[in-house]
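Me: Please take a close look at how the strands are arranged here and at what lies beside them. One connected account would suit me better than a list.

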Amino acid sequence: MTIALSQFDEVRLDRVSRDFGALNALRDVSLTIRRREFIALLGPSGCGKSTTLNCIAGLLPVTGGAIWLDKSRVDTLRPEERGFGMVFQNYALFPHLNVRQNIGFGLKMRGKPKAEIDRKVDEALNLVRLRGQENKLPGQLSGGQQQRVAIARAIVIEPPLVLMDEPLSNLDAKLRLEMRAEIRRIHNELGATTIYVTHDQDEALSLADRIVVLRDGVVRQVGTPKELYDAPAHLDVADFMGFRN
Ligand code: ADP
Ligand code: MG
């Protein structure tokens with residue numbers, strides 16, 4: 001494969017905190033993510049999922065703790081120095097650039113030669129199954145196709161980590177199921193390491209290797225879907241997961 005993601009053994013959050021004034025949006029979040037895992041960050045609205053993701057990406061400075069990629073400390077680096085791939089709920093595509101240009105934008109910014117950009121964009125187009133759409137503008141695509149472009153753009157820079165923040169919440173129910181399967185397929189085919197934010201229990205249970213349950217800025221529990229089901233650490237985890245009637 002032309003797209004070869006940067007390899008590492010683990011990403012480690014060590015007692016990461018983030019305050020907004022008097023509000024402790026994250027408190028001592030510690031977490032280790034291993035290479036090739038698909039991790040879901042799950043919890044109700046306002047629990048700190050996006051804050052966690054943005055701290056990992058570097059879009060938001062941490063106010064305490066540290067983030068490590070193997071033995072390198074990354075929380076002090078700018079977002080582009082970390083080089084993680086981001087996929088947002090609203091796709092965040094450039095409306096005036098076509099599909100090919102949107103996907104290749106990051107590589108162009110990094111000064112890559114045209115032949116290399118073309119080769120990698122071609123492979124990304126194949127991977128997200130958008131062959132034949134490359135000359136269209138985002139406005140000419142369906143929501144699902146736009147999200148495919150956003151995913152291609154995130155992975156074409158060959159990031160060690162792919163970060164997704166509620167990527168399916170703007171899609172209708174049918175497309176959401178289709179894209180859910182696509183996201184897991186792409187993760188597997190690439191051998192990616194993915195952190196996926198969602199408030200949807202079903203999504204987390206069906207997609208993730210491990211689920212991190214967040215509540216009020218605190219990690220309540222980390223486990224495989226089966227571990228959470230068999231032994232929820234708190235009644236509110238069981239309630240939130242829908243494991244109690
Ligand atoms: P989630 O993504 O789980 O819905 P967020 O991480 O967006 O939650 O927010 C966590 C908490 O931090 C919420 O109480 C939210 O209101 C607050 N918050 C998030 N971003 C900001 C900000 N830029 N300024 C002030 N408060 C914020
Ligand atoms: Mg959010």
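Reply: Helix H5, residues 143–155, lies across strand E6 and strand E7 (162–165), and its direction is at about 165° to that of E6. The model is a predicted one. Its protein chain has a mean pLDDT of 95, with 99% of the residues at 70 or more, and the scores for the model are ipTM 0.99 and pTM 0.96.

The two strands under H5 belong to an open sheet of six strands, ordered E6-E7-E8-E3-E9-E10, in which the pairing is mixed. Strand E6 (85–87) and strand E10 (218–223) form its edges, and each of them pairs on one side only. On average, and with direction ignored, neighbouring strands of this sheet are turned by 15° against each other. Within the order, E8 and E3 stand side by side. Strand E3 covers residues 38–42 and strand E8 residues 194–198; the two pair in the parallel sense, over five bridges. In this pair, leucine 41 is placed opposite valine 197 of E8.

There is also an open sheet of four strands, with the order E2-E1-E4-E5 and antiparallel pairing. Its edges are E2 and strand E5 (72–73); each has a single partner strand, so one side of each is left without a neighbour in the sheet.

In this sheet E1 has E2 on one side and E4 on the other. Strand E1 (residues 10–20) pairs with E2 in the antiparallel sense over eight bridges, and arginine 18 has leucine 26 as its bridge partner in E2. The hairpin that E1 and E2 make has two residues between the strands, and in this hairpin glycine 21 takes a positive phi near 60°. With strand E4 (residues 64–69), E1 pairs in the antiparallel sense over five bridges. Two positions mark out this pairing: aspartate 14 has alanine 66 as its bridge partner in E4, and valine 11 stands opposite leucine 69 in E4.

A helix lies beside this sheet as well. H1 lies across E1, E2 and E4, and it runs at about 60° to E2.

H1 and E2 also bring the account to ligand 1. Strand E2 (23–34) and helix H1 (49–57) are the elements that give two or more residues to the shell around the ligand, and H1 gives the most, with three residues. The whole shell consists of Phe20, Leu23, Ala25, Gly43, Ser45, Gly46, Cys47, Gly48, Lys49, Ser50 and Thr51. By class, the shell around ligand 1 has four nonpolar residues, six polar ones and one charged.

As for annotation, an unreviewed UniProt entry lists residues 11–241 under "domain: ABC transporter". Over that range the chain is 39% helix and 26% strand, and its end C-alpha atoms are 26 Å apart.

To put the parts together: H5 lies across E6 and E7, which are neighbours at one end of the order of the mixed sheet. H1 lies across E1, E2 and E4, which are strands of the antiparallel sheet, and H1 gives the most residues to the shell around ligand 1.

Methods
Residues numbered from 1 in each chain as written. Chains lettered and ligands numbered in written order. Predicted model: local features only at pLDDT ≥ 70, side-chain atom pairs only at ≥ 80, totals over all residues. Pairing = 2+ DSSP bridges. Axes fitted to C-alpha atoms, helices over the stretch in contact; angles between N-to-C directions. Contact = placed C-beta atoms within 7 Å. Near = placed C-beta within 6 Å. Nonpolar A, V, L, I, M, F, W, Y, C, P; charged D, E, K, R; others polar. UniProt positions renumbered as here; feature names shortened; annotations may be inferred. pLDDT = per-residue confidence, 0-100.
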